[in-house]
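User: Hi! I have a protein model open and would like to understand the labels attached to it. Could you take me through the reasoning behind them?

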Amino acid sequence: MIDDGPREMRARSGVECVIVTGQSGAGKSEAIHCFEDLGFFCVDNLPPALISKFAELCAHSDGKVSRAAVVIDVRGGAFFDHLAASLTELERMGFDYRIVFLAASDEALVRRYKETRRRHPLASDKRTLLESIREERRVLEGLKERAHKVIDTSSLPAQALKNEVASLFTERGTGEMVVTVVSFGYKFGVPLDADLVFDLRFLPNPHYIEELRPLSGTEEPVREFVLASPGARDFLRHIFAFLDFALPLYAQEGKAYLTIALGCTGGRHRSVALTSEVTGHLRTRGYRAVVEHRDVSK
């Protein structure tokens with residue numbers, strides 16, 4: 001018989017558990033390989049009802065397993081319905097866990113399935129591929145809301161996904177909130193994983209300056225042009241004040257990952273320049289801030 005008292009729970013809480021889930025075709029298999037490279041003990045397609053048993057085995061491995069990652073998705077069929085209860089049981093047993101949810105746009109998922117010619121887990125004779133993708137999105141909506149980190153892989157190469165997972169789970173201190181600051185172009189869509197979104201299209205656009213058009217916001221001439229605008233300086237002053245107020249509250253609520261997205265029309269000039277400014281400010285405040293320029297090369 002297992003003792004579930006405080007002493008046992010403290011021992012088990014030393015096992016870092018990551019649950020990788022999300023939409024079929026969004027890159028869960030690639031993500032679990034990333035966790036393997038980081039030294040996690042990994043299991044793919046584990047029935048949700050077995051999560052607590054798996055965590056218990058890790059806790060009783062005599063220290064051989066301190067980090068574990070499992071992939072849970074709708075391939076589990078009816079078992080997937082037990083996930084909420086399994087997570088509650090995991091919490092009751094004293095395990096610390098994080099949910100990483102991988103998402104992608106309908107267009108990206110349709111393209112991937114057509115390229116691989118694989119069958120969607122929810123496909124049927126009465127349901128098209130797109131309908132299957134949207135039905136899965138509906139089924140996973142509640143789980144996505146519970147996720148600690150949502151990663152939008154719509155335009156994310158495999159190496160970029162690996163880098164993001166590594167940035168989130170390499171030497172992350174207990175209770176340390178990781179903040180990802182993303183620049184993007186509205187013409188390519190708002191990042192699906194964004195927690196906070198700021199629109200920079202009110203600023204003068206370097207695209208219309210002939211000598212600046214081929215450059216990006218990472219280069220000094222564009223940066224100087226963008227920051228020379230009174231609107232840019234005022235925006236930074238206001239957003240710095242807001243983030244200084246809001247981020248400690250997010251951390252206090254236990255949020256492990258926060259994604260801030262700054263967008264302009266093409267995601268090449270204004271958003272890139274100001275993303276770097278915001279990232280620098282957060283680092284001076286002691287946050288672990290990661291920068292990502294999603295559309296700068298498009």
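User: To begin, how many disulfides does the count come to?

Analyst: Happy to help! This is a predicted model, and the count comes to 0 disulfides. A disulfide is a covalent bond between the sulfur atoms of two cysteines.

User: What makes Cys34 unable to bond with the closest cysteine sulfur?

Analyst: Distance. The closest cysteine sulfur belongs to Cys42, and it is 9.7 Å from the sulfur of Cys34. A disulfide needs the two sulfur atoms within 2.5 Å, so this pair is too far for a bond.

User: Are Cys34 and Cys264 buried or exposed?

Analyst: Buried means under 20% relative accessible area. Cys34 has 7% and therefore counts as buried. Cys264, at 2%, counts as buried too.

User: Let's move to charges. How many salt bridges does the structure hold, and what makes Arg67 and Glu16 one of them?

Analyst: There are 18 salt bridges in the structure. Side chains of opposite charge can pair when their charged atoms come close. For Arg67 and Glu16 the N to O distance is 3.0 Å, and the cut-off is within 4 Å, so the pair qualifies.

User: Where do the two partners sit, and is Glu16 buried or exposed?

Analyst: Arg67 is in strand β3 and Glu16 in strand β1, 51 residues apart, so the pair links distant parts of the chain. Glu16 has a relative accessible area of 18%, which falls under the 20% limit, so Glu16 is called buried.

User: What separates Glu89 from Arg92 along their helix?

Analyst: About one helical turn, because they are 3 residues apart in helix α4. Their closest N and O atoms are 2.8 Å apart, and they form a salt bridge. Both ends are partly exposed: Glu89 has a relative accessible area of 26%, and Arg92 is at 44%.

User: Why do Asp96 and Arg98 get different accessibility labels?

Analyst: Their values fall on opposite sides of the 20% limit. Asp96, at 32%, is partly exposed, whereas Arg98, at 13%, counts as buried. The two form a salt bridge, with the closest N and O atoms 3.1 Å apart.

User: Which residues are linked with Asp106 in a network of salt bridges?

Analyst: Arg134 and Arg137 are linked with Asp106 in that network. Asp106 lies in helix α5, and its 15% relative accessibility makes it count as buried. Beyond residues up to four places away in sequence, Asp106 touches Leu130, Ile133, Arg134 and Arg137.

User: How do you know that the length of α8 agrees with a helix?

Analyst: Helix α8 has 12 residues, 158-169, so at 1.5 Å a residue it should span 16 Å. Its end C-alpha atoms are 17 Å apart, which agrees. Among the buried residues of α8 are Leu161, Val165 and Phe169.

User: Which residues of α3 are buried, and what covers them?

Analyst: The buried residues of α3 are Ile51, Ser52, Phe54, Ala55, Glu56 and Cys58. Their cover includes β1, β2, β3 and α4.

User: What is the phi of Asn45, and what is that of Arg117?

Analyst: Asn45 has a positive phi of about 60° although it is not a glycine. Arg117 also has a positive phi, near 60°, and is a residue other than glycine. Asn45 is in the loop between β2 and α3, while Arg117 is in the loop between α5 and α6.

User: Why is Arg117 called exposed and Asn45 partly exposed?

Analyst: Exposed means over 50%. Arg117 has a relative accessible area of 77%, so it is exposed. Asn45 has 30%, so it is partly exposed.

User: What can you tell me about Pro121?

Analyst: Pro121 is in the loop between α5 and α6, and its relative accessible area of 36% makes it partly exposed. Leaving aside neighbours within four places in sequence, Pro121 is in contact with Ser24, Val74, Arg75 and Tyr113.

User: Finally, which residues form a nonpolar patch on the surface?

Analyst: Phe242, Phe245 and Leu249 form that patch, with about 290 Å² of accessible area together. Leu249 lies in helix α10 and, at 39% relative accessibility, counts as partly exposed.

How values were computed. Residues numbered from 1 in each chain as written. Predicted model: local features only at pLDDT ≥ 70, side-chain atom pairs only at ≥ 80, totals over all residues. Heavy atoms only, no water. Helix = DSSP H or I, 4+ residues; strand = E, 2+ residues; numbered from the N terminus. Expected span 1.5 Å × (residues − 1). Buried < 20%, exposed > 50% of the residue type's maximum accessible area, 1.4 Å probe, protein only. Patch = residues over 30% accessible without salt bridge, like charges linked within 9 Å, V, L, I, M, F, W, Y side chains within 5 Å. Areas by Shrake-Rupley, 256 points an atom, 1.4 Å probe, with all protein chains shown as cover. Salt bridge = Lys/Arg side-chain N within 4 Å of Asp/Glu carboxyl O. Contact = heavy atoms within 4.5 Å.
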